[in-house]
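User: Please take a close look at a single part of this structure and describe its setting in a connected account. Kindly begin with how far the model can be trusted, and then proceed to the part itself.

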Amino acid sequence: MSQLQLPRWQTRLMPGLLAITLLCMGGAAQAQAKAQARPDFSEIEVIHTLSDRDNTAALKQLQEYKDRLGKDADYVLRAEVLKTLIGILYDAGKIKEADAANAELLQLARAQKDNDMINMALIGEAFQMLDQGKFAMALVKLNDIQQSLRDSKNAEVLMRLNIAFGMVQLAIGNFDKSLPYFLEALKLADQVPRRSAQAKLYRMESIARLYLNMHNAEKALETTNEALAMLPGIDSPKITSSLQMTRGLALIDLGRHDEALEAYKTVLQIATDAGMPAVAATALGNIADYYLHVRKFAEAERAARFSLEKAQVVNDPFAMAIAKANIGFALAGQKKFAQGIGYINEAKKFFMETGSKSDVENLLSEIGNMYEAADMYKEALATVREQQKLSDELFRSDRARAVATLQEQFNAQQRQKQIELLARENQLKDADIKNRQLQQVVLMLAAVIMVMVGVVVFFLYRRVRKTNEKLREVNEQLEFHAVRDPLTGLYNRRSFVDMMKGRAILPEGERREDALDNPDCLILMDIDHFKNINDSFGHATGDSVLIEVARRLRSTVRDSDMVLRWGGEEFLIYSPRSNPAQLKGLVERILRSIGEENIQADGASVPVTLTAGFISLPFSGLPEAICNWEKALQIADMALYLGKVNGRNRAYGVSRLLIAYEEALPVLDHDLSAAIKAGMVELIEVHGPVKLPEGNLAASATVSDEELASAIK
């Protein structure tokens, strides 16, 4: 799967992460050494320029040059050779050799105690972690490097650091945080000592790919066109073909398919003239995908077979697998299912053996569409089920990885908070010591001069009282923040859990009748499409939305009800001794209070709706020893998820069991949908206010499956 999250058989020309940063420039290893006595870089310059046209020939010449230099050559020259070699090796797909060269560069820099070059190599290690999907580790390493470089003026190493930060943020989906890093790298590209024009073009291409990830194809096209306008005078088929490929992808996203085809053909011509079979295979793969999209299956088959031939020339198994998949879909489109499935299964087998589960998942999606178009519904259903199973595995894996990255960020923030708390604690201890010292002074003065006792005690007592008042204020603030959410002022999760721990649970034989007639109620809510609000309006507006939602919730419920911020964009209402007959009306008022009127925040009119799940406690007359508040809240959470699946802006409540709890609870514990289908529980449905879509945010929630599929293509 490429970084722009398109099917891999719609191939993209994307050099390795580290190759982008290393091949785009070849700055001098150390500015100070360069100022004193600059070595002769002319032969490296020639080889580096050759790599823009013929990477294989350049790699051979550079390795021969490195062997001729030997280990006694000038340090700056050896470092420059290693930097250039790392980039060319990565571009040639020789990852292990590139990593070994990076390790050699790190060892050489440490021997010379060259801090900038040491950090240059460490950034290379961070890129290795990023290529391996270890985003959290890469982020921690880059933060350490940033501290080490806080006094550095080396434009090249600072540019690479910004590129690395941008790539990590891009990989974990923080596009708004990624863009400033890429823009800073673009600014620094003008300051690197050599190949600054190439560096700037690569930075502009990175920004264009980021815009594609942000679904801003117009900006991506504008950026690539600007970069292409700078190309005259730069003889680099590699950069030209890469920019044209990115331009084609932007045109595809804009629905300008014929122009995209011309861009792919331009790439193919450049690759053919420059002798770049790997690039030619990529271009042919995209051309085949275009013909599949417009249902010209014969042309798609021809382009895909040419792509396979080129991939076999460079012995690229991944490109071969993509080409085989495209051949298979083209044959299926021509009703040659037996032959087509054979090619597709070969591609699927390759992705499975290499552990590319995301590629398998996308391939299964395309196979399902193929079966459906051929009215082979049984096969389509089986494929969809297989895809769903794999999709669930990928979701759990991606979620665990994202959580690990966020946890690292959280830990760093927590460490800073601990430092601040320790500083405050020390201040309080100092104040306490001063109080004791003052008290000792009072006693000493009282023994020496009785006449002045009254005056001295008066002033000292007043000072101690002020100090104690400050201490009391600090303690009150700490107590408030322990149970309250700092943004919304609502109770937090901890306060609710503490309250429920002290909740009295009577034995089954001693249940009060009023507990059954007027049970407590739990309503768990989640703001719909809150990420889109942050992406469209900014995080400051998102915070304003959270504050206003909290205010509306408080004004809707009783004073005796407890409104909590459960976490992120989730809220919880605990309504004790509620009337079951009025519960549905309460939930309906809550949905209306949020969804009927847009929230005005920071000059923007933001449409906001909620999805909720609710349940009574005790649930269906069961003793809480059997179904306690945590289990009831888990059921409400499943009801909330059911509301999201069925369109959002609604609430589902689980009102009572329809069968014995011994039969129902084992199913209800983990699968509410199955319990509903089996007729085990009674479900209450409450719809939110119906509103016409307005603005980009609302429109984004109403895109059809067909439009989404088209956009992905």
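Analyst: Within the chain of this predicted model, confidence is highest in strand β4, at a mean pLDDT of 96, and lowest in helix α31 (residues 705-712), at a mean of 35. Over residues 23-37 the pLDDT is below 50, and this stretch has 51 contacts in the model beyond near neighbours in sequence. Residues 694-713 also stay under 50 in pLDDT, and there the model has 26 contacts beyond four places in sequence. The average pLDDT over the chain is 79, with 80% of the residues scoring at least 70.

The part chosen for the close look is strand β7, together with the sheet around it. Strand β7 comprises residues 610-617, and 8 of its 8 residues are buried. In a regular strand, side chains alternate between the two faces of the sheet. In β7, Leu610, Ala612, Phe614 and Ser616 point one way, while Thr611, Gly613, Ile615 and Leu617 point the other way. Both sets are buried, which here means under 20% relative accessible area.

The sheet itself is open and consists of 7 strands in the order β1-β3-β4-β2-β7-β8-β9, with mixed pairing. Its edge strands are β1 (491-492) and β9 (681-687), each of which pairs on one side only. Strands of a sheet pair through backbone hydrogen bonds, in either a parallel or an antiparallel sense.

Both senses occur at β7. With strand β2 (residues 520-527), β7 runs antiparallel, and 8 bridges join the two. In this pairing Leu522 stands opposite Ile615 of β7. With strand β8 (residues 650-657), β7 runs parallel, and the two are joined by 4 bridges. Here Ala612 has Ala651 of β8 as its bridge partner. The connection from β7 to β8 passes through helix α27 (residues 629-645), and this β-α-β crossover is left-handed. Further along the sheet, β8 pairs with β9 in the antiparallel sense over 7 bridges, and Val654 has Leu683 in β9 as its bridge partner.

Two helices lie across this region. Helix α27 lies across β2, β3 (562-567), β4, β7, β8 and β9, and runs at about 150° to β7. Helix α26 (residues 580-595) lies across β2, β4 (570-575), β7, β8 and β9, and runs at about 35° to β9.

The path out of β7 contains a backbone feature of note. Most residues other than glycine have a negative phi, and most peptide bonds are trans. The bond between Leu617 and Pro618, however, is cis, with omega of about 5°. Leu617 is one of the buried residues of β7, whereas Pro618 is found in the loop between β7 and α27. On the other side of α27, Arg648 sits in the loop that leads to β8. Its phi is positive, near 65°, in a residue other than glycine. Arg648 counts as partly exposed, because its relative accessibility is 27%, between the limits of 20% and 50%.

A comparable phi is found outside the sheet. Arg295 is not a glycine, yet has a positive phi of about 65°. Arg295 is placed in the loop between α15 (277-293) and α16 (297-313). With a relative accessibility of 58%, Arg295 counts as exposed.

Aromatic contacts also involve the sheet. A pair of aromatic rings is described by the distance of the centres and the angle of the planes. The model contains 5 aromatic pairs under a limit of 6.5 Å between ring centres. One of them joins Phe496 and Tyr574 in an edge-to-face arrangement, at 5.7 Å centre to centre and with 65° between the planes. Phe496 lies in helix α22 (residues 493-501) and Tyr574 in strand β4, so this pair ties together parts that are 78 residues apart in sequence. Both Phe496 and Tyr574 are buried. Ring pairs link these two residues with Trp566 and Trp629 into a cluster. Trp566 falls within the range of β3 (562-567), and Trp629 falls within that of α27 (residues 629-645).

Conventions. Residues are numbered from 1 along each chain as its sequence is written. Side-chain values use heavy atoms; hydrogens and water are left out. Buried means under 20% relative accessible area, exposed over 50%, partly exposed in between (1.4 Å probe, protein chains only). Two strands pair if DSSP finds at least two bridges between them. A crossover is right-handed if, with the strands pointing away from the viewer, the path from the first strand over the helix to the second runs clockwise. Contact means heavy atoms within 4.5 Å. Axes are lines fitted to C-alpha atoms, for helices over the stretch in contact, and angles run from 0 to 180 degrees between N-to-C directions. pLDDT is the predictor's confidence in each residue, from 0 to 100. Rings of Phe, Tyr and Trp (its six-membered ring) pair if their centres lie within 6.5 Å; planes under 30 degrees apart count as stacked, over 60 as edge-to-face and the rest as tilted.
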